[in-house]
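Biologist: Could you take me through this one, label by label? I'd like to hear what stands behind each term.

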Amino acid sequence: MKLRNAMYSMIVLFVGMFQATIAKAEGIDAAVNSAFASSTGWFVSLIFAPLPGTSFPWIVLWLVVGATVFTLYFGFVQFRAIGHSIDLVKGDYSDPKDAGEVSHFQALTTALSGTVGLGNIAGVAVAIGIGGPGATFWMILAGLMGMASKFVECTLGVKYRNEYKDGSVSGGPMYYISKGFEERGLPGGKFLAALFAVFCIFGAFGGGNMFQANQAHAQLSSVIGDYPGWITGVVFAVLVFLVIVGGIKSIGKVTEKVVPFMGVLYVGAGVIILLMNIDQIAWAFGQIFEGAFTGLGVAGGMVGALIQGFKRAAFSNEAGVGSAAIAHSAVKTNEPITEGLVSLLEPFIDTVVICTMTALVIIITGQLVSDPETGLLLVEGGRVVTADGSSGVALTSAAFGSAISWFPYLLVLAVVLFAFSTMLSWSYYGLKAWTYLFGEGKTAELVFKVLFCLFVIVGASASLGPVIDFSDAMIFAMAVVNIIGLYCLMPVVKEEYNSYFSRLASGEIKKFNK
Amino acid sequence: MSTTLIVGIDGSEAGARALSYTKRLATLIGSDCNIEVVYVIEWSPYSFQTPEENALRNKQREQAISVANERVVAPAIKSLADEGFAAEGRVLHGKVAHLLNSVAVETNAEQIIVARSSASGFSSRVFGSVTANLVMSSTVPVTVVG
């Protein structure tokens, strides 16, 4: 009964917010903004609060410390086991009898389509635009460390997932925190799991939905010209509705096929540009290394570059946030550790490969303006001066456009598609958190899905800064709870790890002949 | 020594032709002939899926197998048994040509019997037909029924 009341009050809150924001009148927009800012501002400030005496948000340090602890605890698993991870993705260790079930490759690519997106295109440009080329170095480092966080959370996601009688599965931090804590006799598991689920729902409505719709609209209007955001919102909402409520699988299927294609096209274009300027790659890496430790004149110097790099890596690959554990938990395997090993490729592909490539293209195509006399970057108002004054997606677009003139149009399509596929992924993450709290019923699911679609329209039509800030904060709040859970449960992963690798070494686990 | 024949069926009219030819061949071979009926559900471990599809995958796989069994494989086995042939069946997920061949190797079969698929024109030229793939890659003799 309590749960039902809680659900109703959440619905009333959401619908209230929706009604208030969909009205296009600016006065109402502003009213909602200030109401939201005053009621949730404290939470946002708390999550993004800087460490005393610095401008370094403690939450970023929290993620980096977590990643470092996992890296050390598992003896640099991300470097030692990556070869085995690739063998697992190739299916060398998959039993042919399991054909038709979710393969490691499918679990990995599904999770990737939730993380590859704006972070790789816009986030990198923001990082370099503020932190200079050196931010790239810290971003790569954070990506490499984040691989260990993913490894831990995805192993646990599979180990403690719920497998229902009808063959469907549900997994994620809310399941491993509640079941794992109980198993180890630790207190507070149920509470932390519920807290995670609440953060995850808000994160799904915000960063996984409104932010994506908002950015997709911004991109479309940059090409088509200014038009009301609600049009984009309604179109997106209808498409999302058709997929998640209407069960029109074809749209989801098309997205899932087009998105990897766009990803390959994006990386391919990047590689071509780098090959065209192959003589400058060494110079670009020089800038990255030099900038990492000196800042090359950016605001805050080395620390400024470091903050931007770490922050954008965390935004981009979501390692430690717990979202990927939900996506990875559907895989068919009897060894949870194998999915952990596969998942560590995710931050590698997302951050180390794709983000680095974007960064190199921006640096090599000469988008960052430096002082010819001192060699230091020109900085104005805390930002590095760029060739055409652009920042964010526009900076990436200008960098690619300077080498391939028609690429910006393709980039708009890519951003829109990435946004759509990220929305679909987060609708699922949010739904899993929702059903964890309210039970797996058709009505409860429908309520969530309809609300999700309504928020697409809100996100696209309004420029609600505080709402977006709040939802970003929610995604990071997920990481606070999740990493506490990971610290408490990492001995479980260690046991799995030791057992698996000793059986692999003894030849008990071997490749299948196909 | 018994002889095993593999017959690939897919619930279509072509599959029925392959089955009736297999019966004829089995009659010629005599009482020592085993027939293995194989139905392959085309599937790749390298396709891209949504999270929801993944979560329901196990359930859908079971459903697909039971539907294929009920509608195609079981009736085929029954018709073979009714006519006095020793027959077994299986439903598998994967690539048709690859799986028919591996079942043949595994059961030490004499030959694989399939029917010419009806795909023609552009798509078969671009992607190649299942039959053509099987003929080109099989390590066991293949009979293609016209």
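Modeller: Sure, starting with Asp166(A): it is called partly exposed because its relative accessible area is 40%, and that label covers what falls between 20% and 50%. Keep in mind that this is a predicted model.

Biologist: What makes the contact of Asp166(A) with Lys59(B) a salt bridge?

Modeller: The closest N and O atoms of Asp166(A) and Lys59(B) are 3.5 Å apart. The cut-off is 4 Å between a Lys or Arg side-chain nitrogen and an Asp or Glu carboxyl oxygen, so the pair qualifies. The pair also crosses between chains: Asp166(A) sits in the loop between β1 (162-163) and β2 (169-170) of chain A, and Lys59(B) in helix α2 (residues 51-82) of chain B.

Biologist: Why is Lys59(B) called partly exposed?

Modeller: Its relative accessible area is 28%. Buried would need under 20% and exposed over 50%, so Lys59(B) lands in between.

Biologist: How many salt bridges are there between chain A and chain B?

Modeller: The count between the two chains is 3, while over all chains it comes to 19. Polar contacts across the chains add up to 12 residue pairs, with both residues at pLDDT 80 or more.

Biologist: Which elements of chain A give two or more residues to the side that touches chain B?

Modeller: Those are α5 (82-90), α6 (104-115), α12 (249-276) and α19 (407-438) of chain A. The largest share, 6 residues, comes from α12(A). By type, that side splits into 9 nonpolar, 10 polar and 11 charged residues.

Biologist: How is the size of an interface often given?

Modeller: As the accessible area lost when the parts come together. Here about 2400 Å² is buried between chain A and chain B, and carbon and sulfur atoms give 57% of that. Gly100(A), Glu101(A) and Gln106(A) supply 21% of what chain A buries against chain B, more than any other three residues. In terms of contacts, 30 residues of chain A meet 22 residues of chain B.

Biologist: Over to chain B, then. What makes chain B as compact as a globular protein of its length?

Modeller: Its radius of gyration is 16 Å, and the globule rule gives 15 Å for 146 residues; the two values are close, so the description holds. Chain B has 5 helices and 5 strands, running β-α-β-α-β-α-β-α-α-β from the N terminus. Buried residues make up 43% of the chain.

Biologist: What makes Arg90(B) and Glu106(B) a salt bridge, and which parts of chain B does the pair tie together?

Modeller: Their side chains meet at 3.5 Å, N to O, and the limit is 4 Å, so the label fits. Arg90(B) lies in strand β3 (residues 86-94) and Glu106(B) in helix α3 (residues 96-106), so the pair ties together parts that are 16 residues apart in sequence.

Biologist: Why is Glu106(B) called exposed?

Modeller: Because its relative accessible area is 56%, and exposed means over 50%.

Biologist: And how far apart are Asp82(B) and Lys78(B) in helix α2 of chain B?

Modeller: They are 4 residues apart, about one turn of the helix. Their closest N and O atoms are 3.2 Å apart, in a salt bridge, and both residues are exposed.

Biologist: Last one: why is Glu290(A) partly exposed?

Modeller: Glu290(A) has a relative accessible area of 44%, which means it falls short of the over 50% needed for exposed and is not under 20%. Its place is helix α13 (residues 281-294) of chain A.

Definitions and conventions. Residues numbered from 1 in each chain as written. Chains lettered and ligands numbered in written order. Predicted model: local features only at pLDDT ≥ 70, side-chain atom pairs only at ≥ 80, totals over all residues. Heavy atoms only, no water. Contact = heavy atoms within 4.5 Å. Buried area = accessible area lost by both parts, 1.4 Å probe. Polar contact = N/O pair within 3.5 Å; in protein donor to acceptor, adjacent residues only side chain to side chain. Nonpolar A, V, L, I, M, F, W, Y, C, P; charged D, E, K, R; others polar. Rg over C-alpha atoms; globule rule 2.2 N^0.38 Å. Buried < 20%, exposed > 50% of the residue type's maximum accessible area, 1.4 Å probe, protein only.
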